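Work through the following exercises with the sequence and the model side by side. Each task sentence is followed by a solution that proceeds step by step.

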Amino acid sequence: MSRDRDREFADFVRTHRGGLMTTARLLTAGDGHLAEDLVQTALVRVYLAWSRARSGNPVAYARRTLVNCTADHHRRGFTRREHSAAAVPETAAPVHASDDLDAELVAALGSLPPRMRAAVVLRHVHDLSVDDTAHALGCSVGTVKSQTARGLDKLRAALAVPTLEGDHR
């Protein structure tokens, strides 16, 4: 019984880890190392709850777990302290963006607050419905709509996307 469970989970990881990594890189604004850590943490949590996860939509469950892991990471005190340093004592190794991710878009996503970034990524990269995005983020449909609208406005401004005349966004 346990071997079947482990085999089923291993198949799930082999099939969906790449997609989860892409989502994690977008959620972390291109930080590949943090994305690896978050995916690993999310997969451990999904494994521990595998009987519950596989009874519904395991991909949606894993994606929601990944979003929650990202939010947990940003809530930690050391993350805030790390960002408040005036000067960086050393530089990190350059992160090589994957060929399938637009570096300019990833950088622009980095300017969004984490929850807004998650709403935009789930809604417009993964093409989830508003209801599915709200379920994944654990918030209301109205919150998803407002977060994605504001996020898209900020991305348009950051990426200098031309708007139609009369469009007052």
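**Exercise 1: a helix pair**

In this predicted model, helix H8 and helix H9 (residues 141-159) pack with their axes 8 Å apart and at an angle of about 100 degrees. Classify the mutual orientation of H8 and H9, and describe the contact between them.

*Solution.* Begin with the general scheme, in which a pair of packed helices is described by the angle between the two axes and by the distance separating them. Angles of 65 to 115 degrees count as roughly perpendicular, and H8 and H9 are therefore roughly perpendicular to each other. Next, identify the residues involved: H8 contributes Val130, Asp131, Thr133, Ala134 and Leu137 to the contact, while H9 contributes Val141, Val144 and Lys145. Finally, sort these residues by class, which gives five nonpolar, one polar and two charged for the contact of H8 with H9.

**Exercise 2: the second largest pocket**

Determine which helices each supply at least two residues of the lining of the second largest pocket, and how the lining divides by class.

*Solution.* The pocket in question, the second largest, has a volume of about 160 Å³. Its lining consists of Arg45, Arg52, Ala53, Gly56, Asn57, Ala60, Tyr61, Arg64, Thr65, Asn68, His135 and Ala136. Placing these residues on the secondary structure shows that helix H3 (50-53), helix H4 (58-75) and helix H8 (130-137) each supply at least two of them, with the largest share, five residues, coming from H4. By class, the lining of this second largest pocket comprises four nonpolar, five polar and three charged residues.

**Exercise 3: the enclosed space**

State how many cavities of 30 Å³ or more a search of the whole structure finds, and characterise the lining of the largest cavity.

*Solution.* The search of the whole structure yields one cavity of 30 Å³ or more, and the largest cavity holds about 30 Å³ of space. The residues that line the largest cavity are Leu27, Val67, Thr70, Ala71, Pro114, Arg115 and Ala118. Among the helices, H4 and helix H7 (114-125) each supply at least two residues of this lining. Sorting the lining of the largest cavity by class gives five nonpolar residues, one polar residue and one charged residue.

**Exercise 4: confidence**

Establish where in the protein chain confidence is lowest and where it is highest.

*Solution.* Start from the chain as a whole, for which the average pLDDT is 84, with 81% of the residues scoring at least 70. Then turn to the individual elements: confidence is lowest in helix H5 (residues 77-83), at a mean of 58, and highest in helix H2 (residues 32-48), at 93.

Notes: Residues are numbered from 1 along each chain as its sequence is written. This is a predicted model: local features need pLDDT of at least 70, side-chain atom pairs count only at pLDDT 80 or more; totals for chains, interfaces and linings use all residues. Side-chain values use heavy atoms; hydrogens and water are left out. On a 1 Å grid over the protein atoms alone, a cavity is a set of points where a 1.4 Å probe fits but cannot get out, and a pocket is an open set with protein on both sides within 12 Å along at least five of seven lines; lining residues have an atom within 4 Å of a point. Grid points are joined across faces, edges and corners, and a volume is the space filled by probe spheres set on the points. Helices (H or I, at least four residues) and strands (E, at least two) are DSSP runs, numbered from the N terminus. Ala, Val, Leu, Ile, Met, Phe, Trp, Tyr, Cys and Pro count as nonpolar, Asp, Glu, Lys and Arg as charged, and the others, Gly among them, as polar. Axes are lines fitted to C-alpha atoms, for helices over the stretch in contact, and angles run from 0 to 180 degrees between N-to-C directions. Angles under 35 degrees count as roughly parallel, over 145 as roughly antiparallel, 65 to 115 as roughly perpendicular and the rest as oblique. Contact means heavy atoms within 4.5 Å. pLDDT is the predictor's confidence in each residue, from 0 to 100.
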